[in-house]
4 protein chains.
Amino acid sequence: MPKVSAQYKEEKRNHILESALKCFGEKGYQATIIDDIVKDSNISKGAIYNYFTSKEEIYLQLLKQRTDRFFEDMEQENASLTSANAKLANLFKRFKKQELKEDDQQTMRVYIEFWLYGSRQDDLRSILVARYNRFIDFIEKIIVEGQSAGEINKDLDPQNISRIFWAVRDGNVLHYSFLGEEEQYRNAWDTIEEMFLSYVKNG
Amino acid sequence: MPKVSAQYKEEKRNHILESALKCFGEKGYQATIIDDIVKDSNISKGAIYNYFTSKEEIYLQLLKQRTDRFFEDMEQENASLTSANAKLANLFKRFKKQELKEDDQQTMRVYIEFWLYGSRQDDLRSILVARYNRFIDFIEKIIVEGQSAGEINKDLDPQNISRIFWAVRDGNVLHYSFLGEEEQYRNAWDTIEEMFLSYVKNG
Amino acid sequence: MPKVSAQYKEEKRNHILESALKCFGEKGYQATIIDDIVKDSNISKGAIYNYFTSKEEIYLQLLKQRTDRFFEDMEQENASLTSANAKLANLFKRFKKQELKEDDQQTMRVYIEFWLYGSRQDDLRSILVARYNRFIDFIEKIIVEGQSAGEINKDLDPQNISRIFWAVRDGNVLHYSFLGEEEQYRNAWDTIEEMFLSYVKNG
Amino acid sequence: MPKVSAQYKEEKRNHILESALKCFGEKGYQATIIDDIVKDSNISKGAIYNYFTSKEEIYLQLLKQRTDRFFEDMEQENASLTSANAKLANLFKRFKKQELKEDDQQTMRVYIEFWLYGSRQDDLRSILVARYNRFIDFIEKIIVEGQSAGEINKDLDPQNISRIFWAVRDGNVLHYSFLGEEEQYRNAWDTIEEMFLSYVKNG
DNA sequence: TATGAATGAGAGTTCATTCAT
DNA sequence: GATGAATGAACTCTCATTCAT
């Protein structure tokens, strides 16, 4: 019989991950030291190591958690959207609105950092590639759906389009995370949306 | 009375920078230790510190050197190109061809890393913002030139377009530096070029 | 909830300071490396840095601790001494007896080293000047007290006398710390005491 | 046949020693790096090592040179002084006047540093002890001379008095080198002279 | 002889991780 | 389960000394 409830443990774990996100977002993964997370979370160093085996695992679990959340959100939102165009529009809306929030900003930075950090750590590659593919698949399916429905140009390669979609998104977020200029960021998104949609739309 | 020629020193300096680029490109700035550069360059630790005052300075000088080189190349190439469209096409060509080379690949990674690393180091921000603005200006001028010549849609905000241009480029490079799939990368560039040009072109 | 008692930490701290005193006394501040203190104290390098932020801080804290101890001792001893002459005699006794002990010897060396080291470090100057003034004040008050009581020649400038007192002390200690000849040191003190007291005494 | 004259070499050597004195006096022996001497002397690193085998040797040769000079000066000055009292008075005068000069100030600091540094280096001890004895002998002889002539109290132990003489001098100089207050320094010397002479004088 | 670029052992300090309490 | 003191390998940077030119 466990001494504390599963829920207690889950909450503590999330608490650590939230602090970690904040720290990684602010200082970067490598520059964040465990004591930063200790200070932010008010959880002792030893306790943190009871929940995660290493700093890297915190990173990975954080990535997983946020990725899962993203897809949960998207599935829920997309359930009520019937066209590919609506789904894409919803995504752009999310990028323009939600991701300006502090929390998502930090997540974004952490995401971007993964690309770099992960690309040099062989043991992370497969995890990160899987995550990448999940994102690619997500848009790819929407594109395919749109092509079937005649909304999207059938000549386009859905995977290629999906890859471009995320590259554009990450590039834009990368610059915003550095420059921090909201208005420019929003304007860029408006233009990107227009450019992207006019390119993929049928006719 | 200098002991060695200015050329000798310049070459040695470049030698160090080349090794540094290789190491930073492979392992990342933070993960690269001075001894990596020592090993790669066959230049002693002390000698490296005769040419650069710190690891960070190596990083910064590398950034500067490659940025300067990029603009030197571009100026030279653009000198013989008379239209904005030709200049943009030339840039896309460069992205598609030249930047597949190992050396430029690493430069790209290092560039991207700057965005993240630099965004948290106050003392680097101004340097990096200046560099960013240099890139923005470069494309902005081409867009303005194209608008004057009637090649490019006059309704577009040149700066906004320039920002998008680089965001797309960096996003694409970011993913390529991680995935390393050349064919996908080239296909993506082809599509991006088509999408971008069809969006900005007049008519 | 502290992991260990305040007393435990205080003892550990003192343990480090004692080892530091031994090392600094034997090899000098600059020549002492942290590993010397590690070896002598059997406390790991990391643990030392949990208690002190730098080698210089160890030095400074050591100085402070020993200075405080000196004045605590003196206050206690002087409490039962009613004349300036008795207080001065007690001091000379201390110099002659107590400071021959190994521990005090090393403290003396470290003290002297402070004069030199501190005189070139701007950030230490104020600390060291404050400490100097504390010593000057201490004797100055005794002199003034002696003058009021008619024990000491009223024509003398108390501060000047106090400065000479400590200069003579430090010079004598400096030579002893180098030569290490106890008998000569004691003889010197006897003569200095006679010379000094006959000079300052009234009449 | 030497390529350069002995005089040339001697001058260069002295040049290095003068720069070394300046640097050691300003920053201390340990904190002075060879490049400080290079910069001050305008003599290359390699050349310095042609004249001296190590940093320590520079230190030692400097000590020797200045010590020799001191005794040369003293012999010359004392040649025309016929009483012990006159010789002592001359010394005090020197301490009060000449040693305020920048150059002598630095020499003084370097001297004091020798006591500390030398006391922990076994290979220096004999050199420094010899130098110490030379100073002790110098005053001791004056005291003996004064006792023979009836100027100085015959009950005093000449060597003990000589030791005290130098201890007082070094202590006073130590404090002055740190505090740098000329007036206090001069006042202290006036009082010390009075105190010392009244103690040793016959009658 | 003179030069100053090169060397590399070694310094202070950091921090992910462990483990006795 | 929680704590935070302890550990020590690893990091960046320094500088006395060497040596090819």
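A residue is counted as near a strand if its C-beta atom, placed from the backbone, lies within 6 Å of that strand. With this cut-off, the predicted model shows 35 residues around DNA strand E, of which Lys3(B), Ser44(B), Gly46(B), Ser54(C) and Gly46(D) come nearest. The surface near DNA strand E draws at least two residues from α3 (45-51) of each of chain A, chain B, chain C and chain D. Sorted by class, this surface comprises 15 nonpolar, 10 polar and 10 charged residues.

From the DNA, the account passes to the contact between two of the protein chains. Here 34 residues of chain D are in contact with 35 residues of chain C. On the chain D side, two or more residues come from each of α6 (102-120), α8 (158-179) and α9 (182-200). The greatest contribution is that of α8(D), which supplies 13 residues. The chain D side that touches chain C consists of 14 nonpolar, 13 polar and 7 charged residues.

A single helix of chain B may be followed in closer detail. Helix α5 of chain B, residues 84-97, has 14 residues; at 1.5 Å a residue it should therefore span 20 Å, and its end C-alpha atoms, 20 Å apart, agree with this expectation. Within α5(B), the residues Ala84(B), Lys87(B), Leu88(B) and Phe95(B) are buried. These buried residues lie on the same side of α5(B), because they cover an arc of only 100° around the axis. Among the elements that cover the buried residues of α5(B) are α4 (55-79), α7 (122-148), α8 (158-179) and α9 (182-200) of chain B.

Key. Residues are numbered from 1 along each chain as its sequence is written. Chains are lettered from A and ligands numbered from 1 in the order in which they are written. This is a predicted model: local features need pLDDT of at least 70, side-chain atom pairs count only at pLDDT 80 or more; totals for chains, interfaces and linings use all residues. Helices (H or I, at least four residues) and strands (E, at least two) are DSSP runs, numbered from the N terminus. Ala, Val, Leu, Ile, Met, Phe, Trp, Tyr, Cys and Pro count as nonpolar, Asp, Glu, Lys and Arg as charged, and the others, Gly among them, as polar. Two residues are in contact if their C-beta atoms, placed from the backbone, lie within 7 Å. The expected span of a helix is 1.5 Å times one less than its number of residues. A residue is buried if 20 or more other C-beta atoms lie within 10 Å of its own, exposed if 12 or fewer, and partly exposed in between; C-beta atoms are placed from the backbone. The arc is that of the directions from the helix axis to the C-beta atoms.
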